[in-house]
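Reader: I should like a close look at a single part of this structure. Please choose one strand and describe how the rest of the chain is arranged around it.

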Amino acid sequence: MHYLTYTLIILILATGCSRRPEPSVNTNTYKQNKKSSVKKAVHPQTSSPQERSTVLAKLYKQYNGWKGTPYKYGGLSKNGVDCSGFVHQTYRSLFNITLPRSTNDQVTQGRRVYINELSAGDLVFFKTGWNVRHVGIYLEKGKFAHASSSKGVMISSMYSGYWKENYWQARRLI
């Protein structure tokens, strides 16, 4: 009986931010997303260096306000937040962009960008388990802000072993 209980607890803890299987890839995703709830925003990649630094400054200010917030699956507040909730709240408050609430729905927004094209504000996605996905917000120089299930809201390096091994894709919201 104890074995079953421990197994169940481990499975619950390992599920992380998203429990649904990876969404199927649709070549019309970008066209469909133009009609989504994502409002057009000026992206730092297509803006001046001054605007890019402003976006980065806003992201760091947001991070500093959320730093250390504990992880809570389904949470949306500074009492507890999960990875997609942190991204959802950040985009809403900083850029007036309403993103879907789940990681699996957020990965369908905007357009895909390659890792060598990343710019402050891009969403970075990771496959952290068979059917588990994780999302964060790219900052600069390989760093991203996210809500870690073990340490809460923090900044990590995409080039560290764990994140490098589990990197999946990045999306830019237009």
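Author: The account below follows one strand, its pairing partners, the cores beside them and the charged pairs elsewhere in the chain.

The model is predicted. The mean pLDDT of the chain is 80, with 72% of the residues at 70 or more. Two stretches fall below a pLDDT of 50. For residues 3-16, the model shows 6 contacts beyond near neighbours in sequence. For residues 18-45, which also have pLDDT below 50, the corresponding number is 59 contacts.

The strand chosen is β6, which spans residues 143-148. Is it enclosed or open to the outside? Of its 6 residues, 5 are buried, so β6 is largely enclosed by the rest of the structure. The cut-off behind that reasoning is a relative accessible area under 20%.

β6 has a pairing partner in β5 and another in β7. With β5 (residues 132-140) the pairing is antiparallel and runs over 3 bridges. Two of the residue pairs can be named: Tyr138 is bridged to Phe144 of β6, and Ile137 has Ala145 of β6 as its bridge partner. The hairpin of β5 and β6 has 2 residues between the strands, and Lys141 in this hairpin adopts a positive phi near 50°.

With β7 (residues 152-157), β6 also pairs in the antiparallel sense, here over 6 bridges. One of the residue pairs is formed by Ala147 and its bridge partner in β7, Val153. β6 and β7 likewise make a hairpin, with 3 residues between them.

The pairing continues beyond β5. β5 is itself mostly covered, since 8 of its 9 residues are buried. β4 and β5 pair in the antiparallel sense over 6 bridges, and a hairpin of 2 residues joins these strands. Within this pairing, Leu123 has Ile137 of β5 as its bridge partner. Ile137 is in turn the bridge partner of Ala145 in β6, and a path of bridges can thus be followed from Leu123 through Ile137 to Ala145. As background, the side chains of a regular strand alternate between the two faces of the sheet.

The strands also take part in the largest nonpolar core. This core has 26 residues, and the members that touch the most others are Leu59, Phe86, Tyr91 and Leu123. At least two residues come from each of α3 (49-66), α4, β4, β5 and β6. The greatest contribution is that of α4, with 6 residues. Apart from this core lies another, of 9 residues, including Val113, Val124, Tyr138 and Trp163. Tyr138 of that other core is the residue bridged to Phe144 in β6.

Leu123 deserves separate attention. Beyond its neighbours within four places in sequence, its contacts include Val87, Tyr91, Leu99, Val135, Gly136 and Ile137. Gln169, Ala170, Arg171 and Leu173 are also among the residues that Leu123 contacts, and so is Gln106.

Gln106 belongs to helix α5. With a relative accessibility of 0%, Gln106 counts as buried. A polar atom of its side chain lies 3.0 Å from the backbone oxygen of Pro100. Leaving aside neighbours within four places in sequence, the contacts of Gln106 include Ser84, Val87, His88, Phe125 and Val135. Arg101 is another residue in contact with Gln106.

Arg101 leads to the charged pairs. As a general point, side chains of opposite charge can pair when their charged atoms come close. The structure holds 2 salt bridges. In one of them, Arg101 pairs with Asp82, and the closest N and O atoms are 3.0 Å apart. This pair links distant parts of the chain, 19 residues apart: Arg101 lies in the loop between α4 (83-95) and α5 (103-106), and Asp82 in the loop between β2 (80-81) and α4. Arg101 is partly exposed at 26% relative accessible area, whereas Asp82 is buried at 2%.

In the other salt bridge, Arg172 pairs with Asp122, with the closest N and O atoms 2.8 Å apart. Here too distant parts of the chain are linked, at 50 residues apart: Arg172 is in strand β8 (residues 167-172), while Asp122 is in the loop between β3 (111-113) and β4 (123-129). Arg172 is buried, with a relative accessible area of 4%, and Asp122 is buried at 0%.

Note on methods. Residues are numbered from 1 along each chain as its sequence is written. Side-chain values use heavy atoms; hydrogens and water are left out. Buried means under 20% relative accessible area, exposed over 50%, partly exposed in between (1.4 Å probe, protein chains only). Helices (H or I, at least four residues) and strands (E, at least two) are DSSP runs, numbered from the N terminus. Two strands pair if DSSP finds at least two bridges between them. pLDDT is the predictor's confidence in each residue, from 0 to 100. Contact means heavy atoms within 4.5 Å. A salt bridge is a side-chain nitrogen of Lys or Arg within 4 Å of a carboxyl oxygen of Asp or Glu. A nonpolar core is a set of buried Ala, Val, Leu, Ile, Met, Phe, Trp, Tyr and Cys residues joined through side-chain atoms within 4.5 Å. A polar contact is a pair of N or O atoms within 3.5 Å; within protein, one must be able to donate a hydrogen and the other to accept it, and residues adjacent in sequence count only if both atoms are side-chain atoms.
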